[in-house]
Amino acid sequence: MQGEKYLFVVSGPSGTGKDTVVSQLLKKHPEVHKTVSATTRAMREGETNGVSYYFLTKDQFRSELEAGGIVEHTCYCENYYGTLRSEVERYMMEQTPVILVIEVEGAGNIKRLYPDSTTIFVLPPDMKELEHRLRCRGTESEEVIEKRLRRAETEIALSADYDEHVVNDVVDTCADQIYSIIQDRLVRD
Ligand code: ADP
Ligand code: 5GP
């Protein structure tokens, strides 16, 4: 489909710093955008509906799925998350680079649907640091942290399938590396 090369999928274990790095990149390069996904999880403090996510009930999510408005979705730690067709198609049509920050199953589905997109895996410096970041963020219960850490091992095992890999040691450096990947891709057909 035309415009696929403008799609950049950023994945990696929860707590690795994807949102922090992507926010930094968007701040420095306002020509790059980020899709807003739909989710059924509860809103965290500081999040805004329509900006962080579209926060939907499970029924609303199911209706959107049935109507074909969601191109890929997954159940992650008991909540649904999905990429909205309207978001992806808008940026492909506008030929504007856009980042999708999604987990590994969704990343694989986006790559299958849009083979000319670029998948980027963000690794933590090591597992101890990942656990530290997840705990320091302080947004999840102990039970959810444990689930996310278990899932992280499976996710890292799938990272070999990605087009690009970056390590989030220093936020700014990692954001610059992702921006270089975007620039390199946009000059190719
Ligand atoms: P993710 O989006 O991958 O789940 P976040 O962006 O929410 O991760 O980051 C998780 C926590 O780690 C946050 O508290 C964030 O401030 C912190 N963090 C992110 N990147 C770094 C880094 N390079 N060094 C130290 N702490 C970081
Ligand atoms: P969080 O609850 O921390 O915001 O997100 C949990 C996980 O869901 C993260 O790995 C995040 O990248 C992923 N995620 C967010 N939106 C989507 C989406 O639209 N599709 C998929 N597959 N995963 C998503």
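Select Y81 together with ligand 2: an N or O atom in the side chain of Y81 is 2.5 Å from an oxygen atom of the ligand, a polar contact, that is, a pair of N or O atoms within 3.5 Å (within protein, one must be able to donate a hydrogen and the other to accept it, and residues adjacent in sequence count only if both atoms are side-chain atoms). The model is predicted, so local features need pLDDT of at least 70 and side-chain atom pairs count only at pLDDT 80 or more, whereas totals for chains, interfaces and linings use all residues. Residues are numbered from 1 along each chain as its sequence is written, chains are lettered from A and ligands numbered from 1 in the order in which they are written, and side-chain values use heavy atoms, with hydrogens and water left out.

Next, add R41 and E103. The side chain of R41 has an N or O atom 2.6 Å from an oxygen atom of ligand 2. A polar side-chain atom of E103 lies 2.7 Å from a nitrogen atom of ligand 2. Ligand 2 exposes 510 Å² when taken alone, and the protein buries 96% of that; accessible areas come from the Shrake-Rupley method with a 1.4 Å probe, and for residues only the protein chains shown count as cover.

Extend the selection to the shell of ligand 2. It comprises 16 residues, and the closest are S37, R41, Y53, Y81 and E103; a residue is near a molecule or strand if one of its heavy atoms lies within 4 Å of it. By class, this shell has five nonpolar, five polar and six charged residues. Here Ala, Val, Leu, Ile, Met, Phe, Trp, Tyr, Cys and Pro count as nonpolar, Asp, Glu, Lys and Arg as charged, and the others, Gly among them, as polar.

Ligand 2 sits in the largest pocket. On a 1 Å grid over the protein atoms alone, a pocket is an open set of points with protein on both sides within 12 Å along at least five of seven lines, and a molecule sits in it if more than half of its atoms lie within 2 Å of its grid points. The elements that give two or more residues to the shell around ligand 2 are β5 (70-76) and β6 (79-84); helices (H or I, at least four residues) and strands (E, at least two) are DSSP runs, numbered from the N terminus.

Colour the sheet that holds β5 and β6. Its four strands form an open sheet in the order β4-β3-β6-β5, with mixed pairing; two strands pair if DSSP finds at least two bridges between them. The edge strands, β4 (54-55) and β5, each pair on one side only. Strand β3 (residues 38-39) runs parallel to β4, joined by two bridges, and A38 stands opposite Y54 in β4.

Now move to ligand 1. Its shell has 13 residues, and the closest are G15, K18, T20, R137 and D169. Select G17, where a polar backbone atom is 2.9 Å from an oxygen atom of ligand 1. A backbone N or O atom of D169 lies 2.9 Å from a nitrogen atom of the ligand. Of the 570 Å² that ligand 1 exposes when taken alone, the protein buries 76%.

Ligand 1 sits in the largest pocket. Helices α1 (18-28) and α5 (127-137) are the elements that give two or more residues to its shell.

Finally, display the five-stranded open sheet, whose order is β2-β7-β1-β8-β9 with parallel pairing.

Terms used
1 Å grid on protein atoms, 1.4 Å probe; cavity = no way out; pocket = protein on both sides within 12 Å on 5 of 7 lines; lining within 4 Å.
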